[in-house]
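Open the model in your viewer and keep the sequence panel beside it. The stops below say what to select and what is there.

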Amino acid sequence: MKIIVINGPNLNLLGKRETDIYGHHSFEDYFEVLKGKFTDVDLTYFQSNLEGEIIGKIQETGFSYDGIVLNAAAYTHTSVGIGDAVKAVTTPVVEVHISNTIAREAFRHHSFIAPNAKGVVLGFGLKSYDLAIQSFILE
Ligand code: DQA
């Protein structure tokens, strides 16, 4: 099973950025934990701060991979283009957030991705990624 984790803007700063919300671990470190746990899954990771690069990666993997775990970060709330890309591909996409976006500012309540996603996992810290991967395995 091939699954890609795609992270959007500022998630390269995990561990340094607003640690009270996003925690003290870098995603690179946590990705090693995920790879150690899901040894039967071919897991890859991509991060970009650029909207077009995220759309490109969704298009590139979205017809051949078994799952996309997508934390589009701030673009979740702004990007029609990423929402359309999720709609365009055949690979199921699970939207993920580290924080509980519904419990935060009103502008974080709307997602352009959720209507086209298979499901949404939010608010469990980095464990949200683990739960999203499990959702593909439990099928
Ligand atoms: C986030 C929530 C977004 O609102 C925010 O812009 C992020 C991270 C999360 O994982 O909790 O950058 O996607």
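The tour goes from the sheet to a helix and then to the ligand.

This is a predicted model, in which local features need pLDDT of at least 70 and side-chain atom pairs count only at pLDDT 80 or more, while totals for chains, interfaces and linings use all residues. Residues are numbered from 1 along each chain as its sequence is written, and side-chain values use heavy atoms, leaving out hydrogens and water.

Select the strands (DSSP runs of E, at least two residues, numbered from the N terminus). An open sheet of 5 strands appears, ordered β2-β1-β3-β4-β5, with parallel pairing (strands pair if DSSP finds at least two bridges between them). At its edges are β2 (42–47) and β5 (119–122), each paired on one side only. From one strand to the next the twist averages 20°.

Now select residues 2–7 and 67–71: these are β1 and β3, parallel strands joined by 5 bridges. I6 has L70 in β3 as its bridge partner.

Next, select residues 27–37, helix α2, which lies across β1 and β2 and runs at about 170° to β2 (helices are DSSP runs of H or I, at least four residues; axes are lines fitted to C-alpha atoms, for helices over the stretch in contact, with angles from 0 to 180 degrees between N-to-C directions; contact means heavy atoms within 4.5 Å).

Finish at the ligand. Residues around it (a heavy atom within 4 Å) include Y22, N71, H97 and R108. Which side chain has an N or O atom 2.7 Å from a ligand oxygen? That side chain belongs to H77.

Key. A polar contact is a pair of N or O atoms within 3.5 Å; within protein, one must be able to donate a hydrogen and the other to accept it, and residues adjacent in sequence count only if both atoms are side-chain atoms.
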